[in-house]
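Student: Got a minute to go through a model with me? I'd like to start with the ligand site.
Tutor: Sure, put it up.

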Amino acid sequence: MDFSIPKELQKILKEIHEWMEAEIYPMERNLAGKTFKDILPELNEKRKAIKEKGWWLPQMPKEEGGMGLSLMDFAHVSEVLGRSMLTHPVFNCQAPDAGNMEILVQYGTDEQKEKYLEPLLKGEIRSCFSMTEPDHPGSNPAWMGTTAVLDGDEYVINGHKWFTSAADGAKFAIVMAVTNPEASRYQQASMIIVPCDTPGFQLVRNISVMGEPGADYGTHCEIVYDNCRVPKENLLGPEGGGFIIAQQRLGPGRIHHCMRWIGICERAFDLMCTHAAKREVAPGKPLGTRQIVQAWIAESRAEINAARLMVLEAAWKIDNVGTYEARTEISVIKFYVAGVLQKVLDRSIQVHGALGMTDDLPLAYWYRHERAARIYDGPDEVHKVTVAKRILRQYGITVS
Ligand SMILES: Cc1cc2nc3c(=O)[nH]c(=O)nc-3n(C[C@H](O)[C@H](O)[C@H](O)COP(=O)(O)OP(=O)(O)OC[C@H]3O[C@@H](n4cnc5c(N)ncnc54)[C@H](O)[C@@H]3O)c2cc1C
């Protein structure tokens, strides 16, 4: 495995970082007490600049208007972008749109691509992914209550979802619903495209999360599908194929998230070290002279480095062997990097004292928003169980 960064990519990473320092970091303070909706006009201006620079859609192939990077190379880009909470949306590689684009590229019909994928790639519309339900455990995605019943040429969808991120203002949702209740456990659900203006699509509320109901892109929504009718042509991929497609979507998606988290860690680490070197706790004695702070710095450095190598290994395996074969590595990074993120953010806030709690720095924003990293895309415990089961199988124990 070769994790060296090609020269050309190094240059791009440096340029992107410099651009972020000049154009994006100063915008972060504008987010204090506001929502993504409030700063949309400014973000759209930045998007224009990104297109002109040829950095638009760094996760997509050239044929789709993207940068044409391998997953490994995109992983490095995602890390740099992760240093600000504003950059992924500016480059049009934000969740859940990035994952939805991937599904549409792979499984969309020509008509679906024209209607949904193209405007998504151009950044003209946004989308959401509607799978988790309040009345069923999201950690067991094969068990859900939402149904889609074929009635003539239409699917009739009924169900109750929540935590459909970014649904406020989205043009369409990719909905997971049971279409084949008699099939085996993992072949019961399908993905169906539901335009958000379909009668029966009811956005109940933007759920308040960690004190913020949010708006527009920055929302997690509760949605009721009440006899929502869509043409049967809105089926995405094969009927009963929803679970398999979701698994494929989540593989590269976890690399994107994990590298973004490492970007957050690096920024939090930078801020921690800068403050430790500057803030004096006694005359002539900056915080960095205290051993406990030195330990936090050393532990953070070791954990971030380890996390990065683990993610690159997983990305290498997806690129070179396949997503299915990389399942263990993907689960390992999901819980490991989420844990490192939480620890590094916490230490950085602690070193900053009261300043760490303010919105003058991005730390408090991330602390609120990224606690969820240990829950979404599969809680820690589910990934740990998955990894352990696979390992134990090699030792002759099959745990059901
Ligand atoms: C900020 C945020 C954004 C999200 N965005 C989306 C989105 O866009 N679309 C979408 O569909 N969903 C989204 N989700 C939902 C997310 O995927 C689910 O919350 C997640 O899958 C867990 O499901 P649950 O909340 O129902 O928890 P449950 O399944 O009820 O689990 C609760 C807890 O039980 C424990 N647990 C579960 N299973 C096991 C086990 N086998 N062994 C031991 N312990 C276990 C875990 O600690 C877990 O946290 C989002 C969630 C958050 C917080």
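Student: Where does the shell around the ligand lie?
Tutor: Domain 2 (127-236) and domain 3 (243-394) both give residues to the shell, so it lies between them. The domain bounds come from an automatic or database domain assignment. This is a predicted model: local features need pLDDT of at least 70, side-chain atom pairs count only at pLDDT 80 or more, and totals for chains, interfaces and linings use all residues. Residues are numbered from 1 along each chain as its sequence is written.

Student: How many residues surround the ligand, and which are the closest?
Tutor: There are 21 around the ligand, and the closest are M131, P137, G138, S139 and S165. A residue is near a molecule if its C-beta atom, placed from the backbone, lies within 6 Å of it.

Student: Which elements give two or more residues to that shell?
Tutor: Strand 1 (127-130), strand 3 (154-165) and helix 13. Helices (H or I, at least four residues) and strands (E, at least two) are DSSP runs, numbered from the N terminus.

Student: And how do the shell residues divide by class?
Tutor: Into 11 nonpolar, eight polar and two charged. Ala, Val, Leu, Ile, Met, Phe, Trp, Tyr, Cys and Pro count as nonpolar, Asp, Glu, Lys and Arg as charged, and the others, Gly among them, as polar.

Student: Back to helix 13. What span should it have?
Tutor: Its 15 residues (380-394) should span 21 Å at 1.5 Å a residue; the end C-alpha atoms are 22 Å apart, which agrees. The expected span is 1.5 Å times one less than the number of residues.

Student: What follows helix 13?
Tutor: G396, with a positive phi near 85°.

Student: New topic. How far apart are the centres of domain 1 and domain 2?
Tutor: 27 Å, taken over C-alpha atoms. Domain 1 gives 10 residues to the contact and domain 2 gives 13. Contact is when C-beta atoms, placed from the backbone, lie within 7 Å.

Student: Which helix gives the most on the domain 1 side?
Tutor: Helix 6 (residues 97-107), with four residues. That side of domain 1 has five nonpolar, three polar and two charged residues.

Student: Last one, the whole chain. How many helices and strands?
Tutor: 13 helices and 10 strands. The radius of gyration is 22 Å, close to the 21 Å from the globule rule for 400 residues, so the chain is as compact as a globular protein of that length. The radius is taken over C-alpha atoms, and the rule is 2.2 Å times the number of residues to the power 0.38.

How values were computed: Two residues are in contact if their C-beta atoms, placed from the backbone, lie within 7 Å.
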